[in-house]
Amino acid sequence: MSANDHAWMARALQLARKGLYSTHPNPRVGCVIVKHGELVGEGWHVRAGEPHAEVHALRQAGARAAGATAYVTLEPCSHHGRTPPCAEALVKAGVGRVVAAMQDPNPQVAGRGLALLGSAGIEVASGVLENEARALNAGFIKRMETGLPYLRAKLAMSLDGRTAMASGESQWITGPAARAEVQRLRARSSMVLTGADTVLMDDARLTVRAAELGLDDELTALAMQRQPLRVLVDGRLRVPLDAPFFQAGPALVASSTDEQVAHYRAGGHELLAMPGRAGQVDLQGLLHELAARGANEVLLEAGPRLAGAFAALGLIDEYQIFVAAKFLGSTARPLLDLPLERMSEARELRIADIRAVGDDWKITAVPHA
């Protein structure tokens with residue numbers, strides 16, 4: 001692969017990122033079409049049910065697509081879904097070469113798109129900036145490969161690792177810039193997952209709010225066209241329907257019982273019985289159910305008990321930890337309720353990124369493979 005291939009794929013990835021907040025449950029995809037070293041068409045997938053990136057790029061290129069090279073961040077689809085196959089559109093347009101960043105993990109595609117192109121006499125290649133392409137669609141890839149969503153845990157703590165005072169008071173540990181970052185994490189997620197303690201103690205709504213996103217007008221408009229489904233883990237159904245959380249819109253409640261299905265349905269919500277051990281909610285089963293409903297990325301915003309339960313089960317793929325320059329003291333609540341007795345039991349993480357966010361710091365960490 002040439003330096004030009006990498007440069008054009010970088011542009012395609014830049015376009016794909018414009019769909020960060022809007023393509024759910026589809027992957028984020030960008031495409032550029034280049035002829036004789038000149039950009040003749042480009043596009044990105046905006047939302048499910050609408051034309052894919054390749055179609056937008058081909059429309060812009062018109063007749064100039066013949067003999068050109070198409071750079072696409074994900075293997076062109078080969079099956080009929082809500083839109084026609086992009087691989088067929090590329091063949092019909094007469095492109096001479098197609099470069100994909102990665103193969104599509106969707107079993108309905110999985111190499112078939114590239115094979116279709118190759119059988120039509122089009123030169124095909126893949127693997128250009130594949131790591132970047134996989135990072136952009138980590139949730140879609142995990143859902144297709146494992147039947148689970150990518151679970152990202154958002155946690156906020158003081159320098160001494162505390163998340164709330166002993167009374168439960170926690171607003172606000174971090175500043176406005178960090179809260180805007182959390183809004184963007186919500187907006188990019190298919191669903192936001194929380195627990196009864198968080199909702200009861202903080203009067204949490206967990207909605208996306210346009211004024212706090214800190215995005216340009218175009219991306220804000222796209223982000224606000226949908227709210228991520230809010231999922232409440234409430235094994236004993238402690239949160240009343242008149243709580244701000246339920247007043248903010250429809251929600252899915254995961255419980256250990258289905259005794260009040262009609263009660264929640266009457267309020268515009270859904271009650272899902274996911275009984276686990278000892279009267280608890282089956283958390284892994286819940287994630288499988290969310291993936292079956294199309295969840296690519298799920299944002300976990302919960303207190304130490306629920307976050308610790310997910311961590312103990314090894315279900316968290318990424319930690320977004322916001323650190324405020326303050327001490328809350330030894331009686332305040334810990335980051336995770338994760339009782340460990342020996343150093344050998346310590347959960348090791350790999351720090352992927354550390355950066356300043358306003359007056360706070362954000363640490364991105366992932367479990368060691």
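Here are some short exercises on the structure above, each with a worked solution.

The structure is a predicted model, in which local features need pLDDT of at least 70, side-chain atom pairs count only at pLDDT 80 or more, and totals for chains, interfaces and linings use all residues. Residues are numbered from 1 along each chain as its sequence is written, and side-chain values use heavy atoms, with hydrogens and water left out.

**Exercise 1. Overall dimensions**

Compare the radius of gyration of the protein with that of a compact globule of 369 residues.

*Solution.* Start with the rule: the radius is taken over C-alpha atoms, and the globule value is 2.2 Å times the number of residues to the power 0.38. For 369 residues this gives a value near 21 Å, and the protein, at 23 Å, agrees with it. Next, look at the extents: the C-alpha trace spans about 70 × 45 × 45 Å along its principal axes. Then turn to burial, where buried means under 20% relative accessible area, exposed over 50% and partly exposed in between (1.4 Å probe, protein chains only). By that count, 52% of the 369 residues are buried. Finally, take the contacts, meaning heavy atoms within 4.5 Å. Among those between residues at least 6 apart in sequence, 69% join residues at least 24 apart.

**Exercise 2. The nonpolar cores**

Find which residues touch the most other members of the largest nonpolar core, and which helix gives the most to it.

*Solution.* A nonpolar core is a set of buried Ala, Val, Leu, Ile, Met, Phe, Trp, Tyr and Cys residues joined through side-chain atoms within 4.5 Å. The largest one holds 47 residues, and Met-9, Ile-33, Leu-90, Val-95, Val-98 and Leu-117 touch the most other members. Helix α1 (residues 3-16) gives the most, with five residues. Helices here are DSSP runs of H or I with at least four residues, strands are runs of E with at least two, and both are numbered from the N terminus. The protein has 13 helices and 16 strands. A separate core of 33 residues lies apart from the largest one, with Val-231, Ala-254, Leu-283 and Leu-315 among them.

Now follow two residues outward, leaving aside neighbours within four places in sequence. Leu-90 contacts Glu-54, Leu-58, Ala-70, Pro-76, Val-95, Val-98, Leu-117 and Ile-122. Val-91, in helix α3 (residues 86-93), is partly exposed at 30% relative accessibility. The contacts of Val-91 are Leu-116, Leu-117, Ala-120 and Ile-122.

**Exercise 3. Aromatic rings**

Work out how Phe-245 and Phe-246 are arranged as an aromatic pair.

*Solution.* Rings of Phe, Tyr and Trp (its six-membered ring) pair if their centres lie within 6.5 Å; planes under 30 degrees apart are stacked, over 60 edge-to-face and the rest tilted. The whole structure has two such pairs. For Phe-245 and Phe-246 the centres are 5.3 Å apart and the planes meet at 80°, an edge-to-face arrangement. Both Phe-245 and Phe-246 are buried, and together with Tyr-264 they form one aromatic cluster. One more partner remains: the charged end of Arg-230 sits over the ring of Phe-245, 4.4 Å from its centre. That label requires NZ of Lys or CZ of Arg within 6 Å of the ring centre and within 35 degrees of the ring normal.

**Exercise 4. Backbone details**

Decide whether His-36 is buried or exposed, then do likewise for Leu-237.

*Solution.* His-36 has a positive phi of about 55° although it is not a glycine, and its place is the loop between β1 and β2 (38-44). At 79% relative accessibility, His-36 is exposed. Leu-237, also not a glycine, has a positive phi of about 50° and sits in the loop between β9 (229-233) and α10 (244-247). With a relative accessible area of 14%, Leu-237 is buried.

To finish the loops, check the peptide bond from His-24 to Pro-25, which is cis with omega near 0°. Pro-25 belongs to the loop between α1 and β1 (30-35).

**Exercise 5. A hairpin**

Describe how strands β15 and β16 pair.

*Solution.* Two strands pair if DSSP finds at least two bridges between them. Strand β15 (residues 349-357) and strand β16 (residues 360-367) are antiparallel, with eight bridges. Ile-351 stands opposite Ala-365 in β16. Two residues lie between the strands of this hairpin, in which Gly-358 takes a positive phi near 65°.
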